[in-house]
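Subject: Structure handover

Hi,

Here is the structure we talked about. Please open it alongside this note; my findings follow below.

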Amino acid sequence: MKVTLITYTPHPEQTIASAARLCYSAASIDDLREKMTEEKAASFVEMLSELGHESPVEHASFTFGIEGVSRSLLAQITRHRIASYSVQSQRYVREAQFEYVLPPEIAAVPEAKAEFLAAMEEDQRHYEQLTEILMKKHEAAFLAEGKDEKEAHRAAEKKAIEDARFVLPNACCTKILLTMNARSLQNMFRQRCCMRAQWEIREMAEQMLKCCVEVAPTLFCKAGPACVAGPCPEGKMCCGKTAEVRAKYAAIKGQK
């Protein structure tokens, strides 16, 4: 898995603090921005966190490049609806020797790993066979319509992989470009950094949080699973490792 922070709102904490200050000031926006030093911005953002005043936080957004994750993860992350997603298409990109995510629990058991790898090879074989069968059918149809050989072949391949992809597994790797505002990110971190979250999306969330902390440490100083900033909300489903989790995320954020 590779997570990269591609771009983000310049001076995110100062932008958020200026937005919050605007609500209670008669000063012009230019004046507010000029007087909003990094120190004042950090103090303002910290105050907003204490008060639970979250709407100004939406003025900062972050864009991530995410690679080496499964289609299974894609189904989970897109449940976070206040976000923008661009995903590598299996309709337009042929999955020749597709890469896949091997779950650690399966990798740890030789028999399970062998079964999994065999399934991936079988899926690839079925995908290629279906693609070739469908391509022959579609290519003949396109040639009959008057397309030249090159055009017919290209169109036939696109149409073939559109249906052949149905045999590809959830383990198949994909690439995602993801943009979220800071408020949505904090909400995602509360849910996906939790020990009860599925291991792959938890790893992705942790990498995203590390990126955010580097550029906006005050804004994300309390980010992480819910138990970092308060009691665990999971009730009887609590992992029972609150102290360990808090120590882990304090280390991620460089806190004592």
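**Helix H1 against helix H3**

H1 and H3 cross in a left-handed sense. Keep in mind that this is a predicted model. H1 covers residues 12–22 and H3 covers residues 38–51. Their axes come within 8 Å, and the crossing angle is roughly 65°. Angles of 65 to 115 degrees count as roughly perpendicular, so H1 is roughly perpendicular to H3. On the H1 side the contact uses Glu-13, Gln-14, Ile-16, Ala-17, Ala-20 and Arg-21. H3 brings Glu-38, Ala-41, Phe-44, Val-45 and Leu-48. By type, the contact of H1 with H3 holds seven nonpolar residues, one polar and three charged.

**Overall picture**

The protein has 10 helices and four strands. Read from the N terminus, the order is β-α-α-α-β-α-β-α-α-α-β-α-α-α. The C-alpha trace spans about 70 × 50 × 25 Å along its principal axes. The radius of gyration is 24 Å, whereas a compact globule of 256 residues would have one near 18 Å. Of the 256 residues, 37% are buried. Now the contacts between residues at least 6 apart in sequence: 77% of them join residues at least 24 apart.

**Two more helix pairs**

Next, H6 and H7. H6 spans residues 110–144, and H7 spans residues 149–164. They pack at about 135°, with axes 7 Å apart. How are H6 and H7 oriented to each other? They are oblique. The crossing of H6 past H7 is right-handed. H6 makes the contact through Tyr-127, Leu-130, Thr-131, Leu-134, Met-135, His-138, Glu-139, Phe-142 and Leu-143. From H7 come Glu-149, Ala-152, His-153, Ala-155, Ala-156, Glu-157, Lys-159, Ala-160, Ile-161, Asp-163 and Ala-164. The contact of H6 with H7 divides into 12 nonpolar residues, three polar and five charged.

Then H8 and H9. H8 is residues 182–192, and H9 is residues 199–215. Their axes come within 9 Å and cross at roughly 140°. That leaves H8 oblique to H9. This crossing is left-handed. Leu-185, Met-188, Phe-189 and Arg-192 of H8 take part. Their partners on H9 are Ile-201, Arg-202, Ala-205, Met-208, Leu-209 and Cys-212. The contact of H8 with H9 has eight nonpolar residues, no polar ones and two charged.

**Two buried residues**

Gln-76 sits in helix H4, residues 71–77. Its relative accessibility is 11%, so Gln-76 counts as buried. Buried means under 20%. Beyond its neighbours within four places in sequence, Gln-76 contacts Arg-192, Gln-198 and Ile-201. Arg-192 and Ile-201 also appear in the contact of H8 with H9.

Thr-63 belongs to strand E2, residues 61–70. Is Thr-63 buried or exposed? It is buried, at 13% relative accessibility. Leaving out neighbours within four places in sequence, Thr-63 touches two stretches of chain. One set of contacts is Thr-4, Leu-5, Ile-6 and Thr-7. The other is Leu-177, Leu-178 and Thr-179.

**Loops to look at**

Two residues other than glycine have a positive phi. His-11 has phi near 50°. His-11 lies in the loop between strand E1 (2–8) and H1. With a relative accessible area of 55%, His-11 is exposed. Gln-97 has phi near 55°. Gln-97 is in the loop between strand E3 (84–87) and helix H5 (104–107). Gln-97 is exposed as well, with a relative accessible area of 64%. The cut-off for exposed is over 50%.

Pro-233 is in the loop that runs from H9 to helix H10 (242–252). At 59% relative accessibility, Pro-233 counts as exposed. How far apart are the C-alpha atoms of Pro-233 and Glu-39? They are separated by 33 Å, with the two positions 194 residues apart along the chain.

Best wishes

Technical notes. Residues numbered from 1 in each chain as written. Predicted model: local features only at pLDDT ≥ 70, side-chain atom pairs only at ≥ 80, totals over all residues. Heavy atoms only, no water. Buried < 20%, exposed > 50% of the residue type's maximum accessible area, 1.4 Å probe, protein only. Contact = heavy atoms within 4.5 Å. Axes fitted to C-alpha atoms, helices over the stretch in contact; angles between N-to-C directions. Parallel < 35°, antiparallel > 145°, perpendicular 65-115°, else oblique. Left-handed = near helix turned anticlockwise from the far one by under 90°. Nonpolar A, V, L, I, M, F, W, Y, C, P; charged D, E, K, R; others polar. Rg over C-alpha atoms; globule rule 2.2 N^0.38 Å.
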